[in-house]
Amino acid sequence: MGVGVSAPLIVTQRLRKVYGDLVAVDDVSFELPHGGSLGIVGESGSGKTTLAKMLVGLERPTSGSIEIAGENCSLPAKSARQRWRRARSLQIVFQDPYSSLDPRQTVGDALREALRVSGVDRNLLDARARALIDLVGMPERVLTSRPSVLSGGQRQRTAIARALATEPRGLILDESVAALDVSIQAQILNLLADIREQTGVAYVFVSHDLAVVRHVTDEVMVMRGGQIVERGETGSVLDNPRHEYTQLLRASVPRPGWVPGSGESR
Amino acid sequence: MSLLEVEGLTLDVPIPGGMGRILHGVDLSVGAGAAVGIVGESGSGKSLTVRSIAGLLPPAATQKGNLRFFGEDVASMSSDRLRRYRSAQVAMVFQDPRAAINPVRKVGDFLIENVVTNLGWSRSRARDKAVEVLDEVGVTDPERRLTSFPAQLSGGLLQRVMIASTLLYEPELLLADEPTTALDVTTQSAVMALIDKLRRERGMAMVFVTHDLELAAAVCDTIHVMYAGRIVETLPADELHEKSRHPYTRALLDARPRLEARETRLRAIPGQPASGLEDIAGCTFAPRCTFVLDACRSDQPSMVLADGHEVRCHRAGEILWGSA
């Protein structure tokens, strides 16, 4: 495709999504460099999940453009070949590891299927599946397990391994650690940091949890009502929030000495 | 006399091939007007503990131990007495308000029928009271909201309706099981502020179940940390950071990323949370504990006093923690 390494992995311009009268995403433009990590922070109805879905082609933008690894991805893929190519650019991991895996498929089958459609040679499927399960920190015996016998943390590791099967350049993590216990959440966050270091994969990290966003992202966009209200380097946005809404979000996080309702406007 | 005394609460539930013990002797007491937090991860037994208090267990579960409400043994209450206990004296708010309300009945019917059935009020008196409590929990235009269906309300608004429903009775004890976990952070803050205010104004006691240590510390007086069906540490909420002594409590505090600064690496707890059903000979946290000794693997520790509060750890008096 002739993409220079310095060109950003994702470029969106004036992205907009409208459902009937509701403007879910309103005029969102951003860039994500290769190997970067961008947080998208917001609450219910902020448009963060709609934005994530448009990036991976699960929602079609009403207007605006999406370019991923140099390819115009504003419209749905026209052919299987194009869909596969896009699958090698960007993958998504959802919030709920209980509903995002096929209950009838073993972990090994899920990984081998993802590897096969991304063009891996049949003879290499087993070895690559073992390498993936190792990358996400699970023992090989998990390959023969079905999701029902796995814990929430193991399922989320499986979903991450499956997303990595296509060797994507970017992962969209949509509240991917929100449903996990604190002790497991820390394991998965460390794992994501290791994977990024080892593979150079970029992250778009969609979350409502400011502490988690601080831990995994370099840049952050704060969304409300479909619009970006504040953006910048994650540390400086969280330390010195300028927009009133970012200030309210930050004031709402329980911490030592916190009083519920602090920063409340109503 | 305490409002609620729980002593040696055990719970057996059906598992493949028999019954399994999931709560292993929970002791706690709630003073009148006090706020008590129960904190833990999945499988710790925190929700089952409050459900046992509310008498909301499936019939196949076997509950043992003492449960006394103002000194009265809950197990020997007559069915009429038990109904009054469960409807008017103890109120429960759940994590998912949508699962706790009938989706095809209007909000007003939900609120009004409750008191008409349980307290024998007239519909017009119940309706006036419903408007009053909706107003009290900050629902704007309460008259109109009575005619809304649950699906027309946001999660935060619906949780306010559920809280309003508990206020119809002026209960002495509110049992809140992760009441804000499904809500946005700004809504959580507002709903917690509301619960806190109502509780203080009415002198209502609360047992607050959450996975969020910081949230519990902010709204409770006392915190019980549960792991695998046992309370492993009980301490005043304001001493959580400075004085907690159980390796699990400390590990939980350490595992959370911080809002104020980025750490290079999180101190994750290895393994996964155990449930009470797991057959572990010694301390149930031993397989994940950094400070484990041989004794921890063979003997279940009992509660000991360390730094002025109760800790279930063989090494409680010995491990020195820097203040967090």
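Which residue just after H1(B) takes a positive phi? That residue is B:Gly55, whose phi is about 70°.

This is a predicted model, in which local features need pLDDT of at least 70 and side-chain atom pairs count only at pLDDT 80 or more, while totals for chains, interfaces and linings use all residues. Residues are numbered from 1 along each chain as its sequence is written, and chains are lettered from A and ligands numbered from 1 in the order in which they are written.

**Chain B**

The secondary structure of chain B comes to 11 helices and 12 strands, where helices (H or I, at least four residues) and strands (E, at least two) are DSSP runs numbered from the N terminus. Along the principal axes, the C-alpha atoms of chain B fill a box of roughly 65 × 50 × 40 Å. The radius of gyration of chain B, 21 Å, agrees with the value near 20 Å for a compact globule of 324 residues; this radius is taken over C-alpha atoms, and the globule rule is 2.2 Å times the number of residues to the power 0.38.

Of the 324 residues in chain B, 45% are buried; a residue is buried if 20 or more other C-beta atoms lie within 10 Å of its own, exposed if 12 or fewer, and partly exposed in between, with C-beta atoms placed from the backbone. Two residues are in contact if their C-beta atoms, placed from the backbone, lie within 7 Å, and among contacts in chain B between residues at least 6 apart in sequence, 64% join residues at least 24 apart. Helix H1 (residues 46-54) of chain B is mostly covered, with 7 of its 9 residues buried; among them are B:Leu48, B:Val50 and B:Ile53, but also B:Lys46 and B:Arg51.

**Sheets and strand pairs of chain A**

Chain A has an open sheet of 6 strands with mixed pairing, in the order S6-S7-S8-S3-S9-S10. Strand S6 (90-93) and strand S10 (227-233) of chain A stand at its edges, each with a single partner strand, so one side of each is left without a neighbour in the sheet. From one strand to the next the twist averages 15°. Helix H5 of chain A lies across S6 and S7 of chain A and runs at about 170° to S6(A); axes are lines fitted to C-alpha atoms, for helices over the stretch in contact, and angles run from 0 to 180 degrees between N-to-C directions.

The table sets out three strand pairs of chain A; two strands pair if DSSP finds at least two bridges between them.

| Strands of chain A | Sense | Bridges | Residues opposite each other |
|---|---|---|---|
| S3 (residues 37-41) and S9 (residues 219-224) | parallel | 4 bridges | A:Gly39 and A:Val220 |
| S1 (residues 10-19) and S2 (residues 22-32) | antiparallel | 7 bridges | A:Thr12 and A:Phe30 |
| S1 and S4 (residues 63-68) | antiparallel | 5 bridges | A:Thr12 and A:Ile66 |

A:Thr12 thus has a bridge partner in S2(A), A:Phe30, and another in S4(A), A:Ile66. The hairpin of S1(A) and S2(A) has 2 residues between the strands, and there A:Gly20 takes a positive phi near 60°.

**Two loop residues with positive phi**

Most residues other than glycine have a negative phi. A:Glu167, in the loop between helix H5 (152-164) and strand S7 (170-174) of chain A, nevertheless has a positive phi near 50°, and it counts as partly exposed because it has 14 C-beta neighbours inside 10 Å. A:Glu175, in the loop between S7 and helix H6 (182-199) of chain A, likewise has a positive phi near 50°, and its 19 other C-beta atoms within 10 Å make it partly exposed.

**Where the chains meet, and the core**

The contact takes 34 residues from chain A and 33 residues from chain B. On the side of chain A that touches chain B, the elements giving two or more residues are H6, helix H7 (210-216), helix H8 (234-239) and helix H9 (244-251) of chain A, and H6(A) gives the most, with 7 residues. The residues of this side divide into 16 nonpolar, 12 polar and 6 charged, where Ala, Val, Leu, Ile, Met, Phe, Trp, Tyr, Cys and Pro count as nonpolar, Asp, Glu, Lys and Arg as charged, and the others, Gly among them, as polar.

The largest nonpolar core has 157 residues, and those with the most contacts inside it are A:Leu55, A:Val204, B:Leu175, B:Val207 and B:Phe208; such a core is a set of buried Ala, Val, Leu, Ile, Met, Phe, Trp, Tyr and Cys residues joined through C-beta atoms within 7 Å. Its largest share, 7 residues, comes from helix H6 (residues 155-167) of chain B. Leaving aside neighbours within four places in sequence, B:Phe208 is in contact with residues including B:Ala35, B:Val36, B:Ala176 and B:Val219.
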